[in-house]
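Let's take a walk through this structure together, from its interior to its aromatic rings. Please keep the sequence and the 3D view at hand as we go.

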Amino acid sequence: MVEFTLWDILRNLLLAARWTVVLSLIAFAGGGAVGLVLLVLRLTGNRVADAAIGAYVQLFQGTPLLMQLFLLYFGIALFGVETSPWMAACVALILYASAYLTEIWRGCVAAVPRGQWEASASLALGFGQQLAHVVLPQALRIAVPPTVGFLVQVVKGTALASVIGFVELTKAGGMIANVTYEPLLVYGCVALIYFALCFPISLYAGSLERKLHVGRR
Amino acid sequence: MSAGADPSATNPVLVPPHTEVGAPIVRITALRKSFGDNEVLKGIDLDVMRGEVVAVIGKSGSGKSTLLRCINGLEAFQEGSLTVDGKPLLHESAQAMRELRQRVGMIFQSFNLFPHLSVGRNVMLAPRLVKKRRPDENEARARQLLDRVGLAEKFDAMPDQLSGGQQQRVAIARALAMDPAVLLCDEITSALDPELVGEVLRVVESLAEDGMTLLMVTHEMGFARKVADRVIFMHQGRVHESGPPDSIFGAPRTPELKQFLSSLHE
């Protein structure tokens, strides 16, 4: 029987944690990009686009992320497309993050007073110019704290990718627990690593919130 | 046209419109506007001559703000036609709307300065984006206009560092930077503390003296009487009575106007 030191356990967990970070970043960047496109589509005032995106948001907010992962992993395969746990996890998390982010940001844009739209329209700015130079810069200040807060949800959400066989922190923890017979120690370390990832982000969100509130009334 | 008859031609701060002096610069014909089932404007005919100062008065809900907001397309109307300085208002065409809005400036009750931009950038934003004005020219023009409203030294200030009266004067400079043919003023002193009203009205008055065409919804009856060439009393979505300020305020003909004027003195 092989003996495992605490360092062995931690080292392997930290190596796997890289994938948690990478998956989080991909989900966040991809979700942010898709979410921004959806937001702009929604703001154009096209009723069909608005209804469709509203339904999309409800769909992803109303079903567990776990189901979304399962459905994507097995659903894509159904269409004869070769899919890996890595692909499925990325796609599922990007869609999930885009639905939440577009809704968060829609609220932030709605918080920009209507007078800002009217004043910029009166100055003959086009829709794109209004968004880029007047509305989005103001919405951004409101959006930073909830957006950073949502990043924490995404980091923790990546743990679910373990169920479709993607080896990230949680999956690695399970595998190491199985060979070391020390589940409490291993999962304790896993939890600590998640905490070490998420806590600084939460702290940062809090400090951003205070900073932005000082500047604005 | 002679320089003497046209004050705006001699004043480099204001750019003369296309419309000639004495010709209508805003033409509103049979304009009707509803919000759902509620008809707010029930057939408005109104011509505003170039250089004319028109004050629109009336109770709240009489449609006066809606009329103003129709003129630059912030509200869509269902029937009738509207042209400003020769540009027709076509809601379906974004291009036509942008061209028309370059002819009309609007000042709002709540200032609506862009809070994330400095005073100078507030004034320079639209000319840069819409008119593609060169940066040096744009800045010179912005400084000139801020000087015109008495705020030359606030170029780099942020809007929330200014008083309400100062913010409103920046809003006027911002509108002027687009070289509008007409300025619409929608209750521009209603959100101000009483001691700040004067500084804004003085700027508006000086614009009127320089030949700017002004259409203003106002509750400042003293100001309307002093500055306006024509006063329009709106009642229930119609132009109920109109005429020179002396006859509107001095000899109102309709009972509705009499009642409105007497209600102001209570």
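Helices in this account are DSSP runs of H or I with at least four residues, numbered from the N terminus. With that in hand, start at helix H8 of chain A, which covers residues 183-215. Both A:Phe195 and A:Phe199 sit in this helix, four residues apart, or about one turn of the helix. Please bear in mind that you are looking at a predicted model.

The rings of A:Phe195 and A:Phe199 form a stacked aromatic pair, with 5.0 Å from centre to centre and 10° between the planes. Are these two side chains buried or exposed? A:Phe195 has a relative accessible area of 51%, so it counts as exposed, the cut-off being over 50%. A:Phe199, at 41%, is partly exposed.

Aromatic pairs turn up elsewhere too, and the count over all chains comes to 11. One of them joins A:Trp117 and A:Phe127: the ring centres are 6.2 Å apart and the planes meet at 15°, so this pair is stacked, planes under 30 degrees apart being the criterion. A:Trp117 belongs to helix H5 of chain A and A:Phe127 to helix H6 (residues 127-157) of chain A, so the pair ties together parts that are 10 residues apart in sequence. A:Phe127 is partly exposed, at 31% relative accessibility. In chain A you can also find an aromatic cluster made of A:Trp19, A:Trp86 and A:Phe166.

Now turn to the interior. In soluble globular proteins, nonpolar side chains tend to be buried together. Here the largest nonpolar core has 72 residues, and those with the most contacts inside it are B:Ile28, B:Leu31, B:Ile71 and B:Leu82. The largest share of this core, 11 residues, comes from helix H4 (residues 85-110) of chain A. Looking beyond its neighbours up to four places away in sequence, B:Ile28 touches B:Ile44, B:Asp45, B:Leu46, B:Asp47, B:Leu67, B:Ile71, B:Ser81 and B:Leu82. Apart from this core lies another, of 52 residues, among them B:Ala142, B:Phe155, B:Val197 and B:Ala224.

What about empty space? A search of the whole structure finds three cavities of 30 Å³ or more, and the largest has a volume of about 80 Å³. Of the 13 residues lining this largest cavity, the closest to its centre are A:Ser122, A:Leu123, B:Gly105, B:Met106 and B:Ala175. Helix H5 (114-122) of chain A, strand S6 (104-107) of chain B and helix H6 (164-176) of chain B each supply at least two residues of the lining. By character, the lining divides into nine nonpolar, two polar and two charged residues.

Technical notes. Residues numbered from 1 in each chain as written. Chains lettered and ligands numbered in written order. Predicted model: local features only at pLDDT ≥ 70, side-chain atom pairs only at ≥ 80, totals over all residues. Heavy atoms only, no water. Core = buried A, V, L, I, M, F, W, Y, C linked by side-chain atoms within 4.5 Å. Buried < 20%, exposed > 50% of the residue type's maximum accessible area, 1.4 Å probe, protein only. Contact = heavy atoms within 4.5 Å. 1 Å grid on protein atoms, 1.4 Å probe; cavity = no way out; pocket = protein on both sides within 12 Å on 5 of 7 lines; lining within 4 Å. Points joined across faces, edges and corners; volume = space filled by probe spheres on them. Nonpolar A, V, L, I, M, F, W, Y, C, P; charged D, E, K, R; others polar. Phe/Tyr/Trp six-rings, centres within 6.5 Å; stacked < 30°, edge-to-face > 60°.
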